[in-house]
Amino acid sequence: MALVRWYAEMGVDEAVAAEACNWYALSKPQSETATPPEERVRASVAARAAASPGAPPPMPADEAVAAAQQAAALCRTHDELEAAVRAFEGCSLKAGARNTVFADGVAGAELLVIGEAPGRDEDAAGKPFVGRAGQLLDRMLAAIGRSRKADTLISNVVYWRPPGNRAPTQVEIAVCRPFVDRLIEITAPKAVLIAGGVPLQALLALPGIMRSRGVWRTVETKGGAKVDALPIFHPAFLLRSPAHKRLAWADLLALERRLMGS
Ligand code: URA
C-alpha cells in the first residue's frame with residue numbers, strides 16, 4: 001500500500017499499457033548513439049503514441065499557442081470559455097490528467113484568485129484548490145468575508161495537473177495563457193489575487209514572491225485589459241511556513257481595502 005500511495009503521489013495513477021515497458025530500453029543512451037536530442041525526443045514521443053494509440057500526437061508549442069489564442073478569442077462568456085478549455089487539445093498535460101480543472105466560484109466575481117496548477121486532489125475533483133492548500137485559501141478568503149460561493153472566482157495558470165505535482169513548464173504556461181487572459185477579460189474583476197511565485201512569473205514576468213508579495217501591480221492581457229493585481233504567498237507555502245501567515249494577513253487586508261474602494 002505504501003508503494004501504491006507513493007506512486008499516486010508521484011503522479012503514477014493510471015495504467016497506460018497492458019504490459020510494463022522499459023522506456024529507457026527503447027532509445028539507447030546518448031553515449032552509445034550519436035542521435036541528436038530532438039531525434040530522441042521524437043522517438044520517445046512516437047513510442048508513447050504507439051503505447052496509447054487513441055491519443056492525438058502533441059502539437060508544437062507555437063501551433064498550440066496560436067490555437068489557444070484563436071479558441072479563446074471566440075469566447076464571449078465564462079461558460080463558452082470553460083467549454084473551449086475543455087475541448088482544447090494543445091496542452092500536453094491534458095494527456096496525463098484525469099480532469100480539466102478550469103475554475104470554481106462565481107463567474108464575473110469582483111475577486112479573481114489565480115494559482116499555479118491543479119494537484120492530485122484537484123485533478124480528482126475537477127475543481128481548483130480543494131486539497132489542504134485550497135482549504136487554507138478558503139479560510140484566508142473567509143477571514144476577509146469572501147468565499148467562492150458568494151463573490152470570488154478561483155482558477156490557475158494551467159488547467160491540467162502536471163505529473164508528480166511538478167511546477168508547470170514555460171511552454172505549458174504559455175499554451176494556457178490565452179485562456180487565462182480571456183478569463184480575466186470576461187470576469188473583469190476589481191482585483192486579481194496572484195497566489196504564489198509561479199503565477200507571479202506567468203502573469204507579471206516577475207521573479208521572487210518574497211519581494212513582490214504585498215505590492216500592487218497591473219496585469220495586462222493580450223486583449224488590452226488592465227487589472228489591479230496583488231501577489232500573495234501561495235497557501236501551500238503558508239502550510240509549510242506558518243510564520244509567514246502574518247505577512248499574508250497584511251496582504252489580505254490590503255486586498256479587502258482595495259475591493260471596498262478605500
Ligand atoms: N495549488 C494551486 O496552485 N492550484 C490548485 O488548484 C491547487 C493547489
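The following legends describe close-up views of a predicted model.

**View 1. Aromatic pairs around Tyr-159 in the predicted model.**
Across the whole structure, a search finds 6 aromatic pairs. One of them joins Tyr-159 and Trp-160 in an edge-to-face arrangement, with 6.0 Å from centre to centre and 90° between the planes. Tyr-159 has a relative accessible area of 0% and is therefore buried. Trp-160 likewise counts as buried, because its relative accessibility is 0%. Tyr-159 also forms an edge-to-face pair with Phe-179, for which the centres are 6.5 Å apart and the planes are at 75°. Tyr-159 belongs to the loop between β3 (152–156) and α8 (170–187), whereas Phe-179 belongs to helix α8, so this pair ties together parts that are 20 residues apart in sequence. Both Tyr-159 and Phe-179 are buried.

**View 2. The aromatic cluster that includes Tyr-159, Trp-160 and Phe-179.**
Phe-88 and Phe-102 join Tyr-159, Trp-160 and Phe-179 in one aromatic cluster. Within this cluster, the ring of Tyr-159 is paired edge-to-face with that of Trp-160 and edge-to-face with that of Phe-179.

**View 3. A charged side chain over the ring of Trp-216.**
Arg-258 is placed over the face of Trp-216, at a distance of 4.1 Å from the ring centre.

**View 4. Strand β6 and its pairing with β4 and β5.**
Strand β6 spans residues 226–232; 5 of its 7 residues are buried, so the strand is largely enclosed by the rest of the structure. With strand β4 (residues 191–195), β6 pairs in the parallel sense over 5 bridges. Ile-194 has Pro-231 of β6 as its bridge partner. With strand β5 (residues 217–220), β6 pairs in the antiparallel sense over 4 bridges. Here Val-227 in β6 stands opposite Val-219. The strands β5 and β6 form a hairpin with 5 residues between them, and Gly-224 in the turn has a positive phi of about 95°.

**View 5. Salt bridges of Arg-146 with Glu-110 and Asp-151.**
The structure contains 13 salt bridges. In one of them, Glu-110 is bound to Arg-146, with 3.0 Å between the closest N and O atoms. Glu-110 is located in the loop between β1 (103–105) and β2 (111–115), and Arg-146 in the loop between α7 (132–143) and β3, so the pair ties together parts that are 36 residues apart in sequence. Glu-110 counts as partly exposed because its relative accessibility is 27%, whereas Arg-146, at 7%, counts as buried. Arg-146 forms a further salt bridge with Asp-151, in which the closest N and O atoms are 3.8 Å apart.

**View 6. A salt bridge within helix α8, and the network that includes Arg-146.**
The side chains of Arg-177 and Asp-181 meet in a salt bridge with an N to O distance of 2.8 Å. The two residues are 4 residues apart in helix α8 and are therefore separated by about one helical turn. Asp-181 is buried, since its relative accessible area is 6%. Elsewhere, salt bridges that share partners connect Glu-110, Arg-146, Asp-151, Lys-190 and Glu-256 into one network.

How values were computed:
Residues are numbered from 1 along each chain as its sequence is written. This is a predicted model: local features need pLDDT of at least 70, side-chain atom pairs count only at pLDDT 80 or more; totals for chains, interfaces and linings use all residues. Side-chain values use heavy atoms; hydrogens and water are left out. Rings of Phe, Tyr and Trp (its six-membered ring) pair if their centres lie within 6.5 Å; planes under 30 degrees apart count as stacked, over 60 as edge-to-face and the rest as tilted. Buried means under 20% relative accessible area, exposed over 50%, partly exposed in between (1.4 Å probe, protein chains only). A charge sits over a ring if NZ of Lys or CZ of Arg is within 6 Å of the ring centre and within 35 degrees of the ring normal. Two strands pair if DSSP finds at least two bridges between them. A salt bridge is a side-chain nitrogen of Lys or Arg within 4 Å of a carboxyl oxygen of Asp or Glu.
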